[in-house]
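I sat down with this structure and kept a notebook as I went. Here is the page, in the order I looked things up.

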Amino acid sequence: YKLSVSPEMDIMEYCRKEWRGNTPVAKRMRKGYEAVAQKFASIRRVRGDNYCALRATLFQALSQTTQLPSWLQCEDFTMLPENLLSKYDWIKQWQLKQKLGRKMGEISDEIKEYLILLRKKWKNISEIKGSTEKQEACDKLFKNEEEEYSLYEALKFLMLNTAIELYNDDKNGRRVPVFSWLLFARDTSSNPCQLMHNHLNHIGHSGGLEQVEMFLLAYALQYTIQVYRLYKYSTDEFITLYPNDPEEDWPVVTLITEDDRHYNIPVRMCQETML
């Protein structure tokens, strides 16, 4: 197996290994890592394929979870694919991950399986009391490629559902967050169908998440994603929140990026920060 999230390593040790030179970029990165090290002791590297933003976010959410989020408890949560397909025929062109040796079933059945798996894994991990055991359960899940990639498909589908809701809210004159306008202001995603074809279908295959899609992921999970953007050190974008006006009761997960493309995760909050 390949480990998707590598074991933890001292954050400054990692930084020294990665950023040795004396270029302005290396100096800025080292300063950025020093700032993160005020809050977190270690870093875990996340496998760098086009799923890494989803992987880092989900891993952090699961490793901290103590309860099943309310949207996962909804009765009709697993009916989502069926309900959406009955309204939007174009969802039939959703790009499913290739499963070896198995014919494509109904697309809604397939996605329903992924959503059921997401709920089951989240529930199981949220019920584990000890933090060491919880970490072990997460490590185990992120070593199981088949399950891991199924969970990302579930997340992508939830992002599509959230995009459809926001798009409809805006059309019906309801208030929507600013990022929603930006999402649909792109030539490549002026409506949810285009968003699916040109963006969501490519995540994990030929592209990762763009910035505006980080907002969409945060809304889909109802989590605040806090990102240390190291190349923005000493600017007011060094620590970026998605969304930037988060709901009070949303849990927070923290990620690190050097370039807004690849994400790693900081772990072990320093004692004084926790108090």
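The entries below go from ground rules to annotated residues, helix packing and backbone oddities.

**Ground rules**

I am working with a predicted model, where local features need pLDDT of at least 70, side-chain atom pairs count only at pLDDT 80 or more, and totals for chains, interfaces and linings use all residues. Residues are numbered from 1 along each chain as its sequence is written, and side-chain values use heavy atoms, with hydrogens and water left out.

**Entry 1: the annotated residues**

I started with the UniProt record, an unreviewed entry, whose "active site" annotation covers Asp49, Cys52 and His262. I noted that UniProt positions are given in the numbering used here, that feature names are shortened, and that annotations may be inferred rather than shown by experiment. How far apart are these residues in space? They are spread over 214 residues of sequence, yet they cluster, with a largest C-alpha distance of 8.3 Å.

I looked up Asp49 next and found it in the loop between strand S2 (40-44) and H3. My helices (H or I, at least four residues) and strands (E, at least two) are DSSP runs, numbered from the N terminus. Is Asp49 buried or partly exposed? Asp49 counts as partly exposed because its relative accessibility is 24%; the cut-offs are under 20% relative accessible area for buried, over 50% for exposed, and partly exposed in between (1.4 Å probe, protein chains only). Leaving aside neighbours within four places in sequence, Asp49 is in contact (heavy atoms within 4.5 Å) with Arg55 and Tyr149.

Cys52 sits in helix H3. With a relative accessible area of 3%, Cys52 is buried. I listed its contacts, again without neighbours up to four places away in sequence: Val46, Arg47, Arg261, His262 and Tyr263. One of these, His262, is also covered by the "active site" annotation.

**Entry 2: what H3 packs against**

Since Cys52 took me to H3, I checked the partners of that helix. The axes of H3 (residues 52-64) and H7 (residues 131-141) come within 9 Å and cross at roughly 150°. That makes H3 roughly antiparallel to H7; my scale takes angles under 35 degrees as roughly parallel, over 145 as roughly antiparallel, 65 to 115 as roughly perpendicular and the rest as oblique. The axes are lines fitted to C-alpha atoms, for helices over the stretch in contact, and angles run from 0 to 180 degrees between N-to-C directions.

Which residues meet here? From H3 I wrote down Phe59, Leu62 and Ser63, and from H7 Lys134, Gln135, Cys138, Asp139 and Leu141. By class, the contact has four nonpolar, two polar and two charged residues. I count Ala, Val, Leu, Ile, Met, Phe, Trp, Tyr, Cys and Pro as nonpolar, Asp, Glu, Lys and Arg as charged, and the others, Gly among them, as polar.

I followed Asp139 of H7 a little further. Not counting residues up to four places away in sequence, Asp139 touches Leu3, Arg44 and Phe59. Asp139 and Ser6 are 133 residues apart in sequence but 8.9 Å apart in space, C-alpha to C-alpha.

For H3 and H11 (residues 211-221), I found axes that come within 12 Å and cross at roughly 35°. Here Ala53, Leu54 and Thr57 of H3 meet Met214, Leu217 and Leu221 of H11. This contact has five nonpolar, one polar and no charged residues.

**Entry 3: H5 and H6**

I also looked at H5 (residues 80-87) and H6 (residues 107-126), which pack at about 145° with their axes 8 Å apart. Leu80, Pro81, Glu82 and Leu85 in H5 meet Ile107, Ser108, Ile111, Lys112 and Leu115 in H6.

**Entry 4: backbone oddities**

A reminder to myself: most residues other than glycine have a negative phi, and most peptide bonds are trans.

I found a cis peptide bond between Tyr242 and Pro243, with omega about -10°. Pro243 is in the loop between strand S4 (239-242) and strand S5 (252-257).

Gln222 has a positive phi of about 55° although it is not a glycine. Gln222 lies in the loop between H11 and strand S3 (224-229) and is partly exposed, at 31% relative accessible area.

Asp260 has a positive phi too, near 65°. I placed Asp260 in the loop between S5 and strand S6 (263-269), and its relative accessible area of 12% makes it buried.
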